[in-house]
Amino acid sequence: MVRLATGWSAWYTPTGVVDGGAAAGGVMDVTIVAQALQAQAPAAPADQVLGLAQVLAAVQAGQLTPAAAQQQLAAYPAALHALTGHDIRAVGSLLSFGAGNQFGNISIGDRAGRDVVKLTVNIYPHLSQPLVDSAIDPAPPLSLPDLFPPADTLIGQRDSYTLLCKRYQDVVQTRRGRLAFISGPPGYGRRALAQAVGGYARQAGAVILHVRFWPTARLAPEQIDRLWDDDPLVAPTIVELEQRLVTAWPRAVYLAGRGWVRLMAQAQAALGQELTPSYLRAPDEPTGLGAAVRQLVRMQPVVVLVEDLDNAPDLWLDLLKYLTPELTRDWPALFVGTLLAARPLADLPREDWTEGVHLAHTLADAGRADAVWLGPVSVADAVDYIGPAQPVLARRLVELTGGWPTVIESLWREWCDAGAVIWKEADGVWTVGSDASLRAYGTLREQAHHWVAALLGAHAPFEREQVVLLLTCAALEGPTFTAQAVARVLDLDADEVMEFFDEYLLGNGDQPGVLCEVGFVPDGEYSSRRYLNLYRFTYVYLWNVWREYEPVGWPHAVLQRRVADALEAVYYPDTDRITAQLIALFEATGQSVRAEPYRERGRRTADLEGLRYRVGLWEAMPLDDFEQFRLFELRLQLSSRLYERAQYQEGYAQVQKALEWARVQQDELREARALNLAGLHQHAQGFYTAALPLYARALAIREQVLGPEHPDTATSLNSLGLLLQDLGDLAGARPYYERALAIRAQALGPDHPNTATSLNNLGALLRAQGDLAGARPSYERALAIRAQALGPDHPATATSLNNLGALLQDQGDLAGARPSYERALSIWEQALGPDHPNTATSLHNLGFLLQDQGELAGARPYYERALAIREQVRGPDHPDTALSLHNLGRLLQDQGDLAGARPYLERALAIYEQVLGPAHPHTQTVRQNLAVLDADLARQHRSL
């Protein structure tokens with residue numbers, strides 16, 4: 001069964017429209033309706049089914065009066081009998097479409113007579129007439145993991161629909177473009193409203209460019225490709241055009257991604273001309289989209305629909321802001337984008353703004369955009385949705401669901417399918433059915449527990465209480481399902497949890513699962529498809545129960561805290577992919593301190609070229625306050641990536657510009673972020689005296705503004721501890737490390753990766769102080785946390801392996817040290833590359849170990865390769881370079897090449913004296929070794 005296309009809903013009688021609810025954009029496609037009817041009655045004659053569909057579509061489009069339609073419908077008795085199970089000899093006085101709900105009920109006959117029969121024609125919204133013309137039927141929709149089910153209809157959104165249609169009319173008349181941002185929580189009709197507006201504009205003669213984004217961060221590449229290739233909103237011919245565009249615009253595609261290609265392909269189809277940079281006289285950059293739209297608006301108005309801007313690559317917001325001045329000045333174009341927002345944008349606290357919300361605010365304040373928020377619907381809206389019904393039904397729908405449109409749809413569908421409500425033909429109203437005691441009047445919580453009881457049999461792998469906890473954790477997690485995290489919260493085996501969902505609930509192969517057996521999932525339809533959204537969203541209103549009601553003995557706050565901890569540990573360091581979920585969970589449990597870093601970080605782009613392009617895009621424009629803020633964040637992101645890749649000079653230049661802006665704005669927290677990052681770049685280059693005041697100022701700001709126990713304060717303390725240790729002030733470094741460790745263990749938890757970092761650094765300090773026995777527990781604890789939270793092949797795990805190897809070497813366990821060094825080298829080479837400073841550290845340490853074992857010839861190539869990397873990446877005057885020079889000189893000295901050793905030691909001494917000063921322990925060590933070498937050279941000379 002398929003559901004009726006969103007937007008058509010009206011009651012017709014011989015005297016006209018009684019309740020005119022037909023929405024433009026919901027036009028019935030004859031072929032699709034015929035397919036739906038034929039699917040319900042395979043034995044019906046195909047020609048009669050087609051004729052019936054043509055009549056229904058003609059009435060809905062206003063091409064036939066109801067009276068004329070009734071005469072024509074009577075000409076298809078075989079089709080009507082096959083569809084209804086009744087002999088329809090004559091069509092009476094009633095022809096109704098939809099009753100205002102998503103089922104598309106078609107009643108044929110006389111309201112007071114016995115020949116009235118209700119047809120239920122279900123057509124998925126995805127199979128309604130596509131916004132891009134296609135002669136080929138679109139593919140069925142692809143089930144998505146992590147995608148909250150959208151509302152199918154515009155429950156309570158008539159005013160918003162009218163406003164946006166009026167905006168389109170204004171755009172056409174004035175030839176000045178406008179933007180509109182539709183926001184709201186998931187399942188509140190953002191997509192349905194955007195598509196309805198697009199349908200209205202399409203009927204009015206506009207070209208529709210339509211793209212939507214999915215939460216693809218956790219999908220496999222082949223799944224992402226399927227989403228784009230099989231998107232039923234776009235014709236296959238558009239997908240074919242994309243291949244040629246990828247060849248013509250390689251840089252633009254690399255920077256902007258598949259969504260950019262999709263819009264360009266639709267523009268090319270509308271223009272009937274192959275779009276190349278030379279044809280559009282545009283550079284091979286994402287701004288070429290503006291040139292394509294510029295060509296289109298010369299022909300006819302354009303509407304650009306971008307669904308789920310929150311999931312779009314960050315570049316899209318930059319590109320949209322870049323194109324806004326021209327769009328609103330002289331393009332007859334309407335841009336409609338959808339965003340997530342828990343409240344109206346004007347009521348959202350500034351700290352809750354996403355970058356998309358910030359852009360919408362800025363443009364709305366400037367009078368260039370409308371901000372439409374879709375909130376809970378009223379009882380009157382529910383009445384309009386379900387049509388004529390007993391008053392109690394609409395009221396109960398709103399009471400049970402809190403006015404959440406998609407949950408209303410789901411619950412109403414369940415009531416209809418289960419017979420909790422029935423259509424009384426004689427009265428023409430929905431009324432409470434005989435099986436309504438639990439489903440219509442019982443609470444959703446009662447229904448949910450009844451559902452769980454029905455699912456579980458004698459041989460269920462988990463008890464009912466455990467299943468309720470599993471479902472509750474999954475619902476509290478947000479729009480994701482991470483089996484490892486849920487299992488971790490409840491101390492269960494992750495594989496057993498997945499097996500329970502995959503094998504027991506959904507089934508495997510030919511064996512249906514219990515969800516299929518009790519009717520929640522069509523038997524066999526999903527048994528081989530591992531899409532985790534099915535577990536919670538089979539009935540959305542049941543998912544709502546797990547989110548709203550606490551299991552006995554398990555307060556939501558406890559579960560939410562555990563879920564947040566588990567998610568952070570499972571995803572670290574890729575927590576950027578679940579930033580929104582972590583912020584929501586931390587805020588819900590009163591942990592704003594832990595949410596703040598994710599608010600500041602937002603979504604990050606790891607690609608250096610993309611970040612460089614985006615920074616350049618903003619630098620080329622006159623900037624308002626919002627754009628200056630964006631540029632600051634982009635510069636910090638770029639500088640951070642450059643630091644990770646050991647490109648310190650360019651990174652420092654970017655963070656310096658960001659720091660200047662923060663100081664002008666007197667934004668102390670952003671100034672502290674920039675100061676700490678600038679200190680990291682200076683520190684990494686060996687400019688210790690330059691890094692010290694940067695770190696110190698960042699710490700002072702954070703202690704004053706955030707408080708002495710904030711995790712950001714711990715970050716600054718840790719940075720200062722590292723610097724003091726490198727400067728040789730081991731006693732001075734220790735209190736910074738210990739204080740940072742205490743803050744992180746308290747604020748983030750004892751098993752957090754940042755806590756592991758503090759443990760590792762404290763261990764390194766104790767080792768440097770000669771307290772090897774004290775250092776080992778810190779090293780081992782840090783390694784255990786990182787291996788568990790980050791994985792055995794993570795670069796941070798390699799750091800702990802390397803440090804533990806150094807400790808074992810210091811303790812004389814040379815055989816035990818070697819596998820730790822070699823494992824660290826393997827991880828760093830694979831994760832960071834063969835020329836990264838960390839790789840050089842492993843090479844140097846392996847050389848030192850071989851030298852300690854007496855394998856002098858084997859040690860030399862490791863030392864030489866480490867020196868080459870450090871000279872290239874760190875620079876010729878860096879302390880790390882001096883360390884390699886010193887150890888290579890000592891190796892030559894041990895091999896008897898005293899004359900060859902001296903230049904290495906001399907150069908190492910010069911670097912240390914210049915960078916660290918004459919009193920630093922490293923400087924003194926090299927000076928002493930050089931003196932020993934000179935004495936050996938003198939004895940060698942005398943013996944000749």
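**Figure 1. Glu906 and its salt bridge in helix α42.** Glu906 is partly exposed, with a relative accessible area of 36% (buried is under 20%, exposed over 50% and partly exposed in between, with a 1.4 Å probe and protein chains only). Its partner Arg902 is likewise classed as partly exposed, at 23%. The two side chains form a salt bridge whose closest N and O atoms lie 1.7 Å apart (a salt bridge is a side-chain nitrogen of Lys or Arg within 4 Å of a carboxyl oxygen of Asp or Glu). Both residues belong to helix α42 (residues 898-915), where four residues, about one turn of the helix, separate them. Helices (H or I, at least four residues) and strands (E, at least two) are DSSP runs numbered from the N terminus. The model is predicted, so that local features need pLDDT of at least 70 and side-chain atom pairs count only at pLDDT 80 or more, whereas totals for chains, interfaces and linings use all residues. Residues are numbered from 1 along each chain as its sequence is written, and side-chain values use heavy atoms, with hydrogens and water left out.

**Figure 2. The chain as a whole.** The chain contains 43 helices and 14 strands. Of its 944 residues, 56% count as buried. About 37,800 Å² is exposed, and carbon and sulfur atoms supply 51% of this area (Shrake-Rupley method, 1.4 Å probe; for residues, only the protein chains shown count as cover). Among contacts between residues at least 6 apart in sequence, 66% join residues at least 24 apart (contact means heavy atoms within 4.5 Å). The count of salt bridges comes to 46.

**Figure 3. Salt bridges around Arg167 and Asp170.** Arg167 and Asp170 meet through their side chains in a salt bridge, with an N to O distance of 3.7 Å. Because the two residues are three places apart in helix α5 (residues 158-174), about one helical turn separates them. Arg167 is partly exposed, at 21% relative accessibility, and Asp170 is also partly exposed, at 22%. The pair is part of a network of salt bridges that links Lys166, Arg167, Asp170, Arg178 and Asp370.

**Figure 4. A salt bridge between helices α8 and α10.** Glu242 and Arg258 form a salt bridge, the closest N and O atoms being 2.8 Å apart. The pair links distant parts of the chain, with Glu242 in helix α8 (residues 236-248) and Arg258 in helix α10 (residues 258-271), 16 residues apart. Glu242 is buried, at 1% relative accessibility, whereas Arg258 is partly exposed, at 22%.

**Figure 5. Strand β9 and its partners.** Strand β9 (residues 333-340) is mostly covered, seven of its eight residues being buried. Strand β6 (residues 178-184) pairs with β9 in the parallel sense over seven bridges, and in this pairing Phe181 has Gly337 of β9 as its bridge partner. Strand β8 (residues 302-307) also pairs with β9 in the parallel sense, over five bridges; here Leu305 is matched with Val336 of β9. Two strands pair if DSSP finds at least two bridges between them. A right-handed β-α-β unit is made by β8, helix α13 (residues 315-330) and β9 (right-handed means that, with the strands pointing away from the viewer, the path from the first strand over the helix to the second runs clockwise).

**Figure 6. The nonpolar cores.** The largest nonpolar core has 86 residues, and those with the most contacts inside it are Leu193, Leu393, Trp412, Trp415 and Trp546. Helix α19 (residues 464-477) gives the largest share of this core, eight residues. A second, separate core of 78 residues includes Leu263, Leu275, Val304 and Ala360. A nonpolar core is a set of buried Ala, Val, Leu, Ile, Met, Phe, Trp, Tyr and Cys residues joined through side-chain atoms within 4.5 Å. In soluble globular proteins, nonpolar side chains tend to be buried together.

**Figure 7. Surroundings of Trp546 and Arg547.** Leaving aside neighbours within four places in sequence, Trp546 is in contact with Ala448, Trp451, Val452, Val468, Leu471, Thr472, Ala475 and His556. Arg547 lies in helix α24 (residues 540-548) and is partly exposed, at 29% relative accessibility. Residues up to four places away in sequence not being counted, Arg547 touches Trp404, Ala475, Leu476 and His556. Between Arg547 and Glu477 the C-alpha to C-alpha distance is 9.0 Å, although they are 70 residues apart in sequence.
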